[in-house]
Amino acid sequence: DQYSAIKKHYENLLIYDFFKKNLKEIFTLIHPESPVCYLFYTYVQDDELAIIHQITNHLRFTGFKIISTKISPENIIDDFMQQEFPDIKHVIFILSEDWIECLQTEDNKKNLTHFKMIQKALKIPGFLTLVLLNDNDEHLPPEFHRINPINFAAREQYYLSFFDLLKRILP
């Protein structure tokens, strides 16, 4: 009925308002440091892109400087995963379904343990945060499970997932 829909919408607005107030408080705690965070993603569908923009905007609202880069799935294994990122403290990598499928090839499975980004992530807590946008985590390689990805698939749990993300990357 109409009353229930209006009530639910009002409750969602209250929750969002509380969420934004908490982000403002976090901003006052980390400002003026403005930590830099690199966010990488591959081609995603429109609904996934909306979540990526939402995460990016909320991180900026919290005081992070976000450098967002779209990478083609073909270049991830050869170029991206071999980089060392010497001056970067935080990398958020959005795992799309295409990229998870790309990891399933036999050559890529063999090479995962040698990727410098994964090695660094296992040594330095907070360096790499993996974000899943779907419930496809059973196809993730074991190396990625050791990094403990954050799952944003349950849209109704967005706020909890976002605070989990913040907890991992805050200085």
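In this predicted model, L39 stands opposite S68 of strand β2. That pairing is a convenient way into the sheet, since it belongs to the register between β1 and β2, which run parallel to each other over six bridges. On the β3 side, β1 forms a parallel pairing over four bridges, and here F40 has F93 of β3 as its bridge partner. Taken as a whole, the sheet is open and built from five strands in the order β2-β1-β3-β4-β5, with parallel pairing. The edge positions are held by β2 (65-70) and β5 (150-151); each has a single partner strand, so one side of each lacks a neighbour in the sheet. Helix α2 packs on this sheet, where it touches β1, β2, β3 and β4 (128-132), and its direction makes about 180° with that of β1.

The sheet takes its place in a chain with eight helices and five strands. Followed along the sequence, these elements give the pattern α-β-α-β-α-β-α-α-α-β-α-β-α. Of the contacts between residues at least 6 apart in sequence, 75% link residues at least 24 apart. Of the 171 residues in the protein, 42% are buried.

Two threonines of α2 deserve a closer look. T56 is located in helix α2 and is buried, its relative accessible area being 6%, under the 20% cut-off. A polar atom of the T56 side chain lies 2.8 Å from the backbone oxygen of I52. Beyond its neighbours within four places in sequence, T56 is in contact with L39 and I66; L39 is the residue met above opposite S68. Helix α2 also contains T62. With a relative accessible area of 0%, T62 counts as buried, because the value is under 20%. Setting aside residues up to four places away in sequence, T62 touches L23, I26, F27, I30, F162 and L166.

The nonpolar interior can be described next. The largest nonpolar core comprises 25 residues, and those with the most contacts inside it are I55, L59, I92, F152, F162 and L165. Two or more residues of this core come from each of α1 (2-30), β1 (36-41), α2 (46-62), β3 (91-95) and α8 (158-169). Helix α8 supplies the largest share, five residues. The surroundings of L59 give a good view of this core: residues up to four places away in sequence excluded, L59 touches F64, I66, I92, F162, L165, L166 and I169. Apart from this core lies another, of 17 residues, with F93, W99, L132 and F144 among them. F93, the bridge partner of F40, thus reappears as a member of that second core.

Finally, a word on confidence. The mean pLDDT of the protein is 80, and 81% of the residues reach 70 or more. Among the elements, α8 has the highest mean pLDDT, 91, while helix α5 (residues 106-111) has the lowest, 58. Predicted coordinates should not be read in detail where pLDDT is low. The helix with the highest mean value, α8, is also the one that gives the largest share of the 25-residue core.

Key. Residues numbered from 1 in each chain as written. Heavy atoms only, no water. Core = buried A, V, L, I, M, F, W, Y, C linked by side-chain atoms within 4.5 Å. Buried < 20%, exposed > 50% of the residue type's maximum accessible area, 1.4 Å probe, protein only. Contact = heavy atoms within 4.5 Å. Pairing = 2+ DSSP bridges. Axes fitted to C-alpha atoms, helices over the stretch in contact; angles between N-to-C directions. Polar contact = N/O pair within 3.5 Å; in protein donor to acceptor, adjacent residues only side chain to side chain. pLDDT = per-residue confidence, 0-100.
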